[in-house]
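Visitor: Please take me through one part of this model closely, the strand that sits among the best-connected residues of the core, and set it in the context of its chain and of the partner chain.

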Amino acid sequence: MADELTPDEALDKIDYSPRSSSEPRNWLDTTKSVQIRPGMYCYAAKPESVETLGLPYARNWNPTDEDWKLPDNWQEILHEGIKERLERFRSFKIFMDICVRCGACADKCHFFLGTGDPKNMPVLRAELLRSIYRNDFTFAGKLLKKIPGGKRLLGSREMSLEALKEMWYYFFQCTECRRCSVFCPYGIDTAEITIIGRELLNLLGLNIDWIATPVSNCYQTGNHLGIQPHAFKDMLDFFVEDIEDITGVDCTPNYQKKGADILFITPSGDVFADPGTYTCQGYLILFKYLKEKYGLDVTWSTYASEGGNFGFFTSHETMKRLNAKMYAEAKRLGVKWILGGECGHMWRVINQYMDTMNGPADFLEVPVNPITGTRFENAASTKMVHICEFTADLIKHGKLELDKSRNANRVLTYHDSCNPARGMGLLDEPRYCITSCADNFYEMPLNTIREQTFCCGSGAGLNAGENIELRMAGALPRANAVKYVHNKFGVNSLATICAIDRAALPTMCEYWVPEVDVIGVHELIGNALILPGEKERTEDLRMEPLPGVEEE
Amino acid sequence: MNQRYLIPLTAVFLLFLLAYAGVEGLGLQVVFGVLIPYLAIAAFLIGFVIKVKGWAASAVPFRIPTTCGQQKSLPWIKQNTIDNPSTSTGVFVRMLLEIFAFRSLFRNTKAAFNRNESNKLTYSFEIFLWVGALAFHYAFLVVLLRHFRFFTAPVPGVIQLLEYLDGIIQVGLPGLFISGPVLLLATLFLLSRRIFDAKVSYISQAADYFPLFLIIGIAATGIAMRYFTNVDIIGIKEMTMGLVTFHPHIPEEVGGLFYGHLFLVSILFAYFPISKLMHMGGVFLSPTRNMANNTRAQRHINPWNYDVPIHTYEQYEDHFRDKMIEAGLPVDKKE
C-alpha cells in the first residue's frame with residue numbers, strides 16, 4: 001500500500017458538506033468521465049468467469065474506457081429489466097416510489113462517513129436509479145418530460161451512458177449492509193436497491209471480477225476460492241497436524257460421510273487464509289470434542305464447501321444456483337440437518353432466502369441438538385442452524401469444558417457483522433459464546449454495534465485489492481469505534497463471526513488501529529475447549545505462547 | 001437563489017392568484033368551487049387506488065425484514081419481539097410504532113468528524129427531524145379532521161371534542177386552534193432544513209419543495225381566514241355541504257381568499273397520488289418493516305420461483321473423480 005493514501009491523507013479528505021469544486025452543483029448532471037477513479041473501483045469481470053454460468057455479454061471491457069462495449073440495445077435491455085423487476089419485487093417498486101428525501105439516511109452510510117462523497121449518501125445512491133425510474137415509469141415523469149425543464153423539477157433523467165456508468169460506480173460502492181434501512185422511516189433498504197441495481201448491470205455483463213470469478217469458482221469447484229477437492233482436504237489435513245502439535249489430539253474430520261448426523265458448511269475463506277484458518281481449527285476441535293464425548297457425527301463436504309454466496313451480489317438467480325448445493329448435498333448424504341459456520345452474508349441468504357428459493361427441505365429433520373435435546377424451533381423449516389446458536393446451546397447446558405484462562409491475554413470487543421445483525425438478529429448468541437470462553441470483554445459505543453453496527457467496508461464482493469482506498473474509507477467508522485475501546489480499555493482483539501470480516505478487518509486494523517488482532521469466535525472456543533486426552537497446551541491456535549506460559 | 005425552490009414557490013403563488021383572480025375578476029366560482037374540487041377528489045381517489053393496487057400487484061418473493069434487535073432463537077435468549085418480530089402480533093406492534101410514532105426516525109443521529117488529535121467520529125442524538133415530522137403530521141391530521149365540521153351536519157361529537165382539545169389553551173378570539181400554527185411552523189422548519197442543511201439541500205428537488213410551499217400556502221390562507229379576515233363562514237358551510245351532498249351551491253358573499261385556499265387544497269389532493277406523498281400508503285406495504293423474521297421457521301413462498309440450472313454433485317464428481325480417489329475422498333462411482 002506504499003503508493004496509497006496514508007491514514008492522515010485519507011482523513012484530510014473527509015468533508016460532509018457536499019463538494020462543490022469537482023462535483024456538479026446539481027447531482028443530476030453527470031460529469032463526462034463520471035470520475036471513475038483508481039482506488040475506488042474494482043476491475044471488470046473476466047469473460048471466462050461470466051461464461052461459466054452462461055451469463056450474458058461476457059467480454060473484455062474496462063471501466064475507465066470511454067467505450068464499455070455495450071450491446072446496441074442496452075437501454076432497451078435495462079428498461080425491460082427494470083419493468084420485470086418492478087413486477088417481481090414489491091420492495092423495489094415501493095422503494096422507487098415513496099422516498100421523501102428527508103435525509104435521515106445521509107450520514108448513516110460508512111462509505112459516506114469515510115469519503116464525504118454525496119453520492120454515497122444512501123438516498124442519492126438510490127436516486128441514481130430512481131431518477132431513471134421516474135422518467136420512464138411514472139405518470140408525473142412521463143408528463144413532465146414533455147415540458148422543457150420538466151425533468152429537472154422532478155429530478156428525473158434519461159438512461160444515458162453517463163448515468164449507467166454512475167450507477168455502476170456507486171452500486172459497487174455499497175456493501176449492502178442495510179444500516180441506512182434501520183434509520184429510514186419507511187424502511188427503504190439500499191441493499192435491496194443495490195441488489196437489484198447490480199442484477200440490472202449484470203444483464204449487460206457489467207459485473208466486477210472480484211464477484212464474477214468467485215461465483216464461477218463456486219459453481220464449478222464448490223467454493224469461491226476454487227479450492228479443488230483434494231486441495232481442500234490437504235488444507236484441513238494441515239490444520240489437523242497443527243492442532244495435534246498444539247493439543248496432542250487428532251481432529252481429523254469426515255468428508256462427504258453418508259449417514260452422518262450433521263453436514264457442516266462454512267465459507268471457504270476459513271480454510272484458505274489467516275486468521276480464518278484459526279477459526280476453522282476451532283470448528284475441528286469442537287467437532288472432535290462432540291464426537292469423543294457424545295458421539296456426534298459431523299461431516300464436511302468438498303462439493304458444498306462454500307457457505308458464502310457471491311451469487312447474492314450478482315443476481316437473485318445466481319444466488320439460487322449457488323445456494324442449491326447445500327440442500328442437494330444434505331439430501332445426498334442423508335444427514336439430519338445442516339450446521340452453518342461463521343459468515344455474514346451467508347446467513348442473510350440462509351435466513352431470508354434459502355428455504356424460499358431451494359426448499360422445502362422435507363428430506364431433513366427439524367434440527368435437534370442430540371446432546372442437549374434442544375429443538376431449534378427457529379430453524380424448523382430451513383433445517384439449518386448457526387454455529388453460534390449451536391455452541392451457545394451447548395455451553396448453556398454445561399456440555400463444553402472451557403478453560404477461560406487460555407484466552408486471558410485477549411482483551412476483546414465484538415464486531416457485529418452487518419448481515420447477521422440486520423438480516424437475522426443474531427446478536428446475543430455470539431456474545432454469550434465469547435464471554436463464556438474469555439473474561440475481558442468490552443463493547444464498542446452503542447451507536448456502532450448491534451443493529452447499528454458499521455460494516456467492515458469490504459462486504460458484498462468489494463474486498464479486492466485495487467479498491468483499497470474505498471475499503472479503508474468505508475472501514476473508518478468501524479475502525480474509529482475499535483480505536484475508542486482500544487484506547488479506553490486496552491482492547492487488543494476484535495472478535496467477529498464473518499469470513500469477509502476476517503479477511504478485511506486485519507487490513508483495516510493495520511491501517512487505522514495497529515495492535516488490534518482479528519479473531520473468530522470459534523477460535524476463542526477452540527483455544528478454551530479442553531479436549532478429552534489432550535496434553536498440557538503451551539500454545540494457542542496461532543502457536544503463540546498461552547498466557548502465563550511465556551514467563552516460565 | 002436556487003431555482004429548485006424558487007420555481008415551486010412561484011408556482012404556488014401563481015396558483016393562488018389564479019384562483020383569486022378567477023373568482024374575483026372573472027366570476028369563475030363554479031370552476032374553482034365545484035368543478036376543480038370534484039376533479040381533484042376524483043384524481044386523488046382514483047390515483048391512490050391505482051398506485052396501491054400497482055404495489056399490491058407486485059410479488060413479495062422473499063421475506064426480508066430489516067432486523068433491529070435480537071432474533072428469536074434459544075429459549076433463554078431474550079428476543080426483541082418488536083424490532084425483530086417473529087409473529088404477526090410483533091409485526092403489528094412494530095408497524096403501529098412505525099406509523100404512529102415514527103420509531104425509525106426516532107433513532108436518528110447526527111454524525112460529525114473531528115479532525116484533530118483524536119480524529120473521532122461522533123454520533124449525537126438528533127431529535128429535531130423526528131419532532132418536526134411528528135408535529136407536522138399530527139397537526140395536519142388534526143386540521144384535516146377539524147375540517148369535517150364543514151362537511152357534516154350535525155357536527156359529530158368526536159369532531160367537537162377534537163376542536164375543544166385543539167382550542168384548549170383558550171387564547172384570542174376566535175379561539176386559537178393550536179394545530180394551525182403548529183402545522184405552519186413545522187412546515188417552515190422542514191422547509192428550512194431543505195434550504196439550509198447542505199446535505200438535504202443537495203438531495204432536494206423542486207418536487208420536494210412544491211408540497212411544502214403548497215401546505216404553507218394552505219395553512220397561511222386558512223389561518224388568515226380564521227383569525228385575520230372576515231369570511232362568510234355560514235356561506236362556506238352551505239357551499240361545502242352542497243359539495244358533499246352533491247347539490248353544489250355557490251354562495252354570494254364568499255370571496256377570493258377562500259377560493260384560493262380551496263384551490264390549493266385541490267391541487268394538493270390531485271398531486272398526492274403522483275408524488276412522493278404516497279409514502280402515506282407505501283409505508284404500510286414496506287417489506288422490510290411489515291414482515292416477520294421467521295423465514296427459517298416457516299417457509300415463505302415465492303410466486304415466481306422458477307427452476308435454475310445447477311452444477312450437480314454428479315457433474316462435480318465426474319470432473320474431479322480421479323483427484324478425489326487419489327486423495328482418499330469418498331466417491332459415488334469408482335470410475
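Guide: In this predicted model, the secondary structure of chain A comes to 23 helices and 8 strands. Chain A has 552 residues and a radius of gyration of 24 Å, which agrees with the value near 24 Å for a compact globule of that length. Taken along the principal axes, the C-alpha atoms of chain A fill a box of roughly 80 × 50 × 40 Å, and 63% of the residues of chain A count as buried. Of the contacts in chain A with a separation of 6 or more, 77% are made by residues 24 or more positions apart.

Chain A is divided into domain 1, residues 7–207, and domain 2, residues 214–528, and the C-alpha centres of these two domains of chain A lie 31 Å apart. The contact between them takes 28 residues from domain 1 of chain A and 35 residues from domain 2 of chain A. On the side of domain 1 of chain A that touches domain 2 of chain A, at least two residues each come from α1 (7–12), α2 (47–52), α5 (110–115), α10 (179–183) and α11 (190–202) of chain A, and α5(A) gives the most, with 5 residues. By class, that side of domain 1 of chain A has 13 nonpolar, 10 polar and 5 charged residues.

The strand you ask about is β2 of chain A, residues 262–265. Side chains in a regular strand alternate between the two faces of the sheet. In β2(A), I262(A) and F264(A) point one way while L263(A) and I265(A) point the other way, and all are buried. Strand β2(A) pairs in the parallel sense with strand β3 of chain A, residues 298–300, over 2 bridges, and in that pairing I262(A) stands opposite V298(A). Strand β2(A) also runs parallel to strand β4 of chain A, residues 337–340, to which 4 bridges join it; here I262(A) stands opposite W337(A).

Nonpolar side chains tend to be buried together in soluble globular proteins. The largest nonpolar core of this model has 244 residues, and those with the most contacts inside it are I262(A), L263(A), I338(A), I434(A), M508(A) and L524(A). Two of these names, I262(A) and L263(A), belong to β2(A), where they point in opposite directions. Another of the six, I434(A), touches L412(A), Y414(A), F441(A), A495(A), V521(A) and L524(A), when residues up to four places away in sequence are not counted.

Several backbone details elsewhere in chain A also deserve a careful look. The peptide bond from D274(A) to P275(A) is cis, with omega near -5 degrees, and P275(A) lies in the loop between α14 (269–272) and α15 (276–294) of chain A. A cis peptide bond also joins G359(A) and P360(A), with omega about -5 degrees, and P360(A) is found in the loop between α17 (345–358) and β5 (384–386) of chain A. R101(A), in the loop between α4 (90–97) and α5 of chain A, is a residue other than glycine with a positive phi, near 55 degrees. Because 23 other C-beta atoms lie within 10 Å of it, R101(A) is buried. A460(A), in the loop between α20 (428–437) and α21 (468–489) of chain A, likewise has a positive phi near 55 degrees without being glycine, and A460(A) counts as buried because it has 26 C-beta neighbours inside 10 Å.

The partner chain completes the context. Chain B has 13 helices and 2 strands; a compact globule of its 335 residues would have a radius of gyration near 20 Å, but chain B has 28 Å. The C-alpha trace of chain B spans about 100 × 60 × 45 Å along its principal axes, and 38% of the residues of chain B count as buried. Among contacts in chain B between residues at least 6 apart in sequence, 64% join residues at least 24 apart. The contact between the chains takes 93 residues from chain A and 84 residues from chain B. On the side of chain A that touches chain B, the largest share, 7 residues, comes from helix α16 of chain A, residues 316–333, and the residues of that side divide into 44 nonpolar, 24 polar and 25 charged.

Note on methods: Residues numbered from 1 in each chain as written. Chains lettered and ligands numbered in written order. Predicted model: local features only at pLDDT ≥ 70, side-chain atom pairs only at ≥ 80, totals over all residues. Contact = placed C-beta atoms within 7 Å. Nonpolar A, V, L, I, M, F, W, Y, C, P; charged D, E, K, R; others polar. Domains from an automatic or database assignment. Buried ≥ 20, exposed ≤ 12 C-beta atoms within 10 Å, placed from the backbone. Pairing = 2+ DSSP bridges. Core = buried A, V, L, I, M, F, W, Y, C linked by C-beta atoms within 7 Å. Rg over C-alpha atoms; globule rule 2.2 N^0.38 Å.
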